[in-house]
Amino acid sequence: MKGLIVGMPIVLLLAACSKTSDYAPASGATGEDIFKSACVECHTPKVGGHYFELDPDMNTVAAVSNKINEGSFAMPAFAQIQGEALQELSEYVLTNTKAE
Ligand code: HEC
């Protein structure tokens, strides 16, 4: 019982933070277009011009696509980026990732 009461604020905090973005890409938008309108506000270029330095387990189209759709604690989920737009955006992320 005590554990339940202590746990409640943490659950509420998690719910408040994992937002879903209502951003939807314009038809025909390239991966770069989408990145520059929906992602660059948080993912700014690093020294050298790349945006990401991904761990090997994140460095695939499937893993990046999943991250975009699911989000995380600090990143909103982009549920409306799907299909070809999702593929192109994920490829754009990978071509702008510095290999470890
Ligand atoms: C509100 C800020 C915010 C926006 C907008 C945002 N992200 Fe993120 N993103 C984050 C944060 C913070 C992290 C790191 C924390 C984490 O992995 O949970 C992250 C992590 C990532 C990762 C994994 C990085 C790693 O090192 O594992 C990828 C890939 C990514 N974002 C892609 C995108 C793409 C593509 C978009 C646009 C559709 C986007 N993000 C929009 C905040 C944001």
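## Overall layout

The protein has 4 helices and 2 strands, in a model that is predicted. Walk along the chain from the N terminus and the elements come in the order α-β-α-α-β-α. As for burial, 30% of the 100 residues in the protein count as buried.

## The nonpolar core

Now for the inside. The largest nonpolar core is made up of 19 residues, and the ones that touch the most other members are Ile34, Phe35, Ile68, Phe78, Ile81 and Leu89. Three helices each give two or more residues to this core: α2 (31-38), α3 and α4. The biggest giver is α4, which puts in 5 residues.

## Where the ligand sits

Next, the ligand. The space that the ligand takes up is the largest pocket. Two elements give two or more residues each to the shell around the ligand, namely α3 (61-70) and α4 (83-95). So much for the elements; the residues come next.

In total, 17 residues surround the ligand, and Cys39, Cys42, His43, Ser72 and Met75 are the closest. Sort that shell by class and you get 14 nonpolar residues, 2 polar ones and 1 charged one.

## Polar contacts to the ligand

Three side chains are worth pulling up on screen here. Ser72 has a polar side-chain atom 2.5 Å from an oxygen atom of the ligand. Lys67 also points a polar side-chain atom at a ligand oxygen, with 2.8 Å between the two atoms. With His43 the partner is a nitrogen atom of the ligand, and a polar side-chain atom of His43 lies 2.7 Å from that nitrogen.

Two of these residues, His43 and Ser72, are also on the list of the closest residues around the ligand.

## A look at Ser21

One last stop, back towards the start of the chain. Ser21 belongs to strand β1, which covers residues 20-21. Is Ser21 buried or exposed? Ser21 has a relative accessible area of 16%, so this serine counts as buried, the cut-off being under 20%.

The side chain of Ser21 has a polar partner in the backbone: a polar atom of that side chain lies 3.0 Å from the backbone nitrogen of Tyr23.

Key: Residues are numbered from 1 along each chain as its sequence is written. This is a predicted model: local features need pLDDT of at least 70, side-chain atom pairs count only at pLDDT 80 or more; totals for chains, interfaces and linings use all residues. Side-chain values use heavy atoms; hydrogens and water are left out. A residue is near a molecule or strand if one of its heavy atoms lies within 4 Å of it. A polar contact is a pair of N or O atoms within 3.5 Å; within protein, one must be able to donate a hydrogen and the other to accept it, and residues adjacent in sequence count only if both atoms are side-chain atoms. On a 1 Å grid over the protein atoms alone, a cavity is a set of points where a 1.4 Å probe fits but cannot get out, and a pocket is an open set with protein on both sides within 12 Å along at least five of seven lines; lining residues have an atom within 4 Å of a point. A molecule sits in a cavity or pocket if more than half of its atoms lie within 2 Å of its grid points. Ala, Val, Leu, Ile, Met, Phe, Trp, Tyr, Cys and Pro count as nonpolar, Asp, Glu, Lys and Arg as charged, and the others, Gly among them, as polar. A nonpolar core is a set of buried Ala, Val, Leu, Ile, Met, Phe, Trp, Tyr and Cys residues joined through side-chain atoms within 4.5 Å. Buried means under 20% relative accessible area, exposed over 50%, partly exposed in between (1.4 Å probe, protein chains only).
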